[in-house]
Amino acid sequence: MKYPDNIGDIAMLQPDYLGFIFYEKSSRFFRGTIPELPSSIKKVGVFVDAMIENIIEKVEKYDLDLVQLHGKESPEFCKELHGLLTKVDRTENAEIPAFAGIVKVFSIKDHFNFDELIPYESVCDYFLFDTKGKLPGGNGYTFNWKVLKDYPSTKPYFLSGGIGLEEADNIAEFLRKQESEYCQAIDVNSKFEIEPGLKDSKKLEVFKKRINKFDKIN
């Protein structure tokens with residue numbers, strides 16, 4: 001998300017998460033103000049090989065709930081960040097947890113060595129599987145979801161990578177399969193954009209209605 005009015009429009013659709021990219025090379029780079037959002041919507045800050053100090057500063061400034069790491073961040077980096085995030089005082093509201101969780105991104109095409117996940121199991125809260133491409137995210141095409149048949153973990157994951165309205169039926173089929181058991185969320189972006197960072201609320205509404213026919217993803 002990038003534009004305040006558009007953020008408000010999309011928030012009315014009650015997504016579980018809204019993402020804000022803090023990577024200066026991205027056309028979706030966020031530098032604005034986040035309007036007040038319902039507490040049910042988690043704010044996700046997306047970073048690519050950023051310094052820990054920069055991540056902490058953005059978490060505090062924007063009251064982020066989750067940090068998504070989309071670069072080559074090591075398990076050691078995640079462990080240090082994880083420890084620091086538990087100490088961030090995000091809000092005076094005791095009903096909102098102080099910890100901003102970590103989502104670590106892994107890129108997939110036709111194959112993936114799931115052993116890569118092992119060092120991150122104890123230092124990340126979610127995994128996100130995206131399509132391997134030239135850019136760190138936003139490449140606009142899907143990877144082969146059959147790869148997830150071999151998912152060895154019980155850690156919840158986000159499914160990402162070029163998902164558009166035309167993939168709704170394929171997602172419905174995927175959600176009926178065993179490999180979707182730990183799928184926490186469907187991550188959509190570029191295929192619902194009018195321009196980078198500006199989302200088409202009507203298309204997203206149609207997509208949500210089609211996906212919400214299934215109990216696993218709401």
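**Exercise 1. Burial and overall layout**

Find what share of the protein chain is buried, and describe its secondary structure.

*Solution.* In this predicted model, the protein chain has 218 residues, and buried residues make up 47% of them. Next, take the secondary structure: the chain comes to five helices and nine strands. Along the sequence these follow the pattern α-β-β-α-β-α-β-β-β-α-β-β-β-α. Last, consider contacts between residues at least 6 apart in sequence: 62% of these join residues at least 24 apart.

**Exercise 2. Classifying an aromatic pair**

Decide whether the pair of Phe 20 and Phe 30 is stacked, tilted or edge-to-face, and state which parts of the chain the pair ties together.

*Solution.* Start with the distance: the ring centres are 5.1 Å apart, and rings pair if their centres lie within 6.5 Å. Then take the angle: the planes stand at 65 degrees, so the pair is edge-to-face, since planes over 60 degrees apart count as such. Now place the residues: Phe 20 belongs to strand β1 (residues 17-21), while Phe 30 is in the loop between β1 and β2 (42-47), so the pair ties together parts ten residues apart in sequence. Both Phe 20 and Phe 30 are buried. The structure holds 20 aromatic pairs.

**Exercise 3. A second pair and its cluster**

For Phe 129 and Tyr 151, give the geometry of the pair, the location of each residue and its burial.

*Solution.* The centres of the two rings, Phe 129 and Tyr 151, are 5.7 Å apart with 80 degrees between the planes, and the pair is edge-to-face. Phe 129 lies in strand β5 (residues 126-131) and Tyr 151 in the loop between β5 and β6 (157-159), so parts 22 residues apart in sequence are tied together. For burial, the cut-off is under 20% relative accessible area. Phe 129, at 0%, counts as buried, and Tyr 151, at 11%, counts as buried too. Ring pairs also link both residues into a cluster with Phe 106, Phe 112, Phe 114, Tyr 120, Phe 127 and Tyr 157. Over the face of Phe 127 lies Lys 155, at 6.0 Å from the ring centre.

**Exercise 4. Two helices in contact**

Describe how helix α2 and helix α3 cross, and which residues make the contact.

*Solution.* The axes of α2 (residues 52-62) and α3 (residues 75-85) come within 11 Å and cross at roughly 35 degrees. The crossing is right-handed. On the α2 side, the contact is made by Ile 52, Ile 55, Ile 56 and Val 59. On the α3 side, Phe 77, Glu 80, Leu 81, Leu 84 and Leu 85 take part. Sorted by type, the contact residues are eight nonpolar, no polar and one charged.

Notes:
Residues numbered from 1 in each chain as written. Predicted model: local features only at pLDDT ≥ 70, side-chain atom pairs only at ≥ 80, totals over all residues. Heavy atoms only, no water. Phe/Tyr/Trp six-rings, centres within 6.5 Å; stacked < 30°, edge-to-face > 60°. Helix = DSSP H or I, 4+ residues; strand = E, 2+ residues; numbered from the N terminus. Buried < 20%, exposed > 50% of the residue type's maximum accessible area, 1.4 Å probe, protein only. Lys NZ or Arg CZ within 6 Å of the ring centre and 35° of its normal. Axes fitted to C-alpha atoms, helices over the stretch in contact; angles between N-to-C directions. Left-handed = near helix turned anticlockwise from the far one by under 90°. Contact = heavy atoms within 4.5 Å. Nonpolar A, V, L, I, M, F, W, Y, C, P; charged D, E, K, R; others polar.
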